[in-house]
Amino acid sequence: RKGGALPQMCRPFRFFLGGPIGSGRQWMPWIHIDDLIGAIMFLIERDDLKGVFNGVAPDLVRGKDFFRMLGRSLNRPSWLRVPASILKLVLGDMAEELFLKGQRVIPKRLLGSGYAFRHPDLGPALEDILTGSADE
């Protein structure tokens with residue numbers, strides 16, 4: 001709730017100015033902090049698991065859906081799209097990599113190894129974090 005990108009994403013919504021970034025079609029990988037810590041602990045405890053694991057939730061969402069659910073969790077509309085041209089003007093080439101391109105990342109190895117996500121779906125995960133019931 002207090003770290004990462006989420007507080008910055010919430011800020012415009014608090015002023016009723018939130019909405020998708022760019023086209024909203026880009027994939028937005030995300031993970032609840034409880035699951036990130038849980039997955040790390042799971043992998044530390046398993047000597048048989050080696051290599052790269054994607055630290056993302058299994059619920060794949062596009063930007064427009066992410067921001068719609070974020071607005072719903074904050075009881076705010078998600079209507080004001082941030083144009084890609086504005087981001088490119090402000091951030092240059094970084095805009096593409098940070099916000100506009102997106103990546104469709106799946107936690108295939110993590111799921112295949114038996115890790116059970118506590119917060120696999122975005123809507124309930126956002127509710128948990130934003131209502132203050134998530135551990136601080």
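Author: Ground rule before we start: buried means under 20% relative accessible area, exposed means over 50%, and partly exposed is in between (1.4 Å probe, protein chains only). What you have is a predicted model, where local features need pLDDT of at least 70, side-chain atom pairs count only at pLDDT 80 or more, and totals for chains, interfaces and linings use all residues. Residues are numbered from 1 along each chain as its sequence is written, and side-chain values use heavy atoms, with hydrogens and water left out.

Reader: Okay, the fold. How many helices and strands are there in the protein?
Author: Helices (H or I, at least four residues) and strands (E, at least two) are DSSP runs, numbered from the N terminus. Reading from that end, the elements go α-α-α-α-α-α-α. The tally is seven helices and, for strands, zero.

Reader: How much of the protein counts as buried?
Author: For scale, the C-alpha trace spans about 45 × 35 × 20 Å along its principal axes. Out of 136 residues, the buried share is 35%.

Reader: And what share of the contacts with a separation of 6 or more is between residues 24 or more positions apart?
Author: Contact here is heavy atoms within 4.5 Å. Among contacts with a separation of 6 or more, pairs 24 or more positions apart make up 87%.

Reader: Let's talk pockets. Which helix gives the largest share of the lining of the largest pocket?
Author: On a 1 Å grid over the protein atoms alone, a pocket is an open set of points where a 1.4 Å probe fits, with protein on both sides within 12 Å along at least five of seven lines, and lining residues have an atom within 4 Å of a point. The largest one holds about 1100 Å³, and of its 42 lining residues Gly4, Ala5, Leu6, Met9 and Phe66 are the closest to its centre. Helices H1 (6–14), H2 (33–45), H3 (63–73), H5 (93–100) and H7 each put in at least two lining residues. The largest share, five residues, belongs to H1.

Reader: By class, how many nonpolar residues are in that lining?
Author: Ala, Val, Leu, Ile, Met, Phe, Trp, Tyr, Cys and Pro count as nonpolar, Asp, Glu, Lys and Arg as charged, and the others, Gly among them, as polar. Nine lining residues are polar and seven are charged, while the nonpolar ones number 26.

Reader: Now charges. Which residue forms a salt bridge with Asp34?
Author: A salt bridge is a side-chain nitrogen of Lys or Arg within 4 Å of a carboxyl oxygen of Asp or Glu, and the whole structure has four. One of them ties Asp34 in helix H2 to a partner 84 residues away, in the loop between H6 and H7. Asp34 is buried, because its relative accessible area is 12%, whereas the partner, at 56%, is exposed. With closest N and O atoms 3.6 Å apart, that partner is Arg118.

Reader: Why does Lys88 count as partly exposed?
Author: Lys88 pairs with Glu96 in a salt bridge of 3.8 Å, N to O. Glu96 is partly exposed, since its relative accessibility is 32%. Lys88 is partly exposed too, because its relative accessibility is 42%.

Reader: How far apart, N to O, are Asp48 and Arg46 in their salt bridge?
Author: Asp48 is exposed at 52% relative accessible area, whereas Arg46 is partly exposed at 26%. Their side chains meet at an N to O distance of 2.8 Å.

Reader: Which side chain joins His119 in a polar contact?
Author: A polar contact is a pair of N or O atoms within 3.5 Å, one able to donate a hydrogen and the other to accept it; residues adjacent in sequence count only if both atoms are side-chain atoms. His119 is in the loop between helix H6 (108–112) and helix H7 (122–130), and its 12% relative accessibility makes it buried. Beyond four places in sequence, its contacts include Trp30, His32 and Asp128. The polar contact, 3.3 Å long, is with the side chain of Asp34.

Reader: How far apart in space are Trp27 and Leu122, C-alpha to C-alpha?
Author: Trp27 is in the loop between H1 and H2 and is partly exposed at 22% relative accessibility. Leu122 is in helix H7 and is buried, with a relative accessible area of 1%. The two are 95 residues apart in sequence, yet in space their C-alpha atoms are separated by 13 Å.

How values were computed: Grid points are joined across faces, edges and corners, and a volume is the space filled by probe spheres set on the points.
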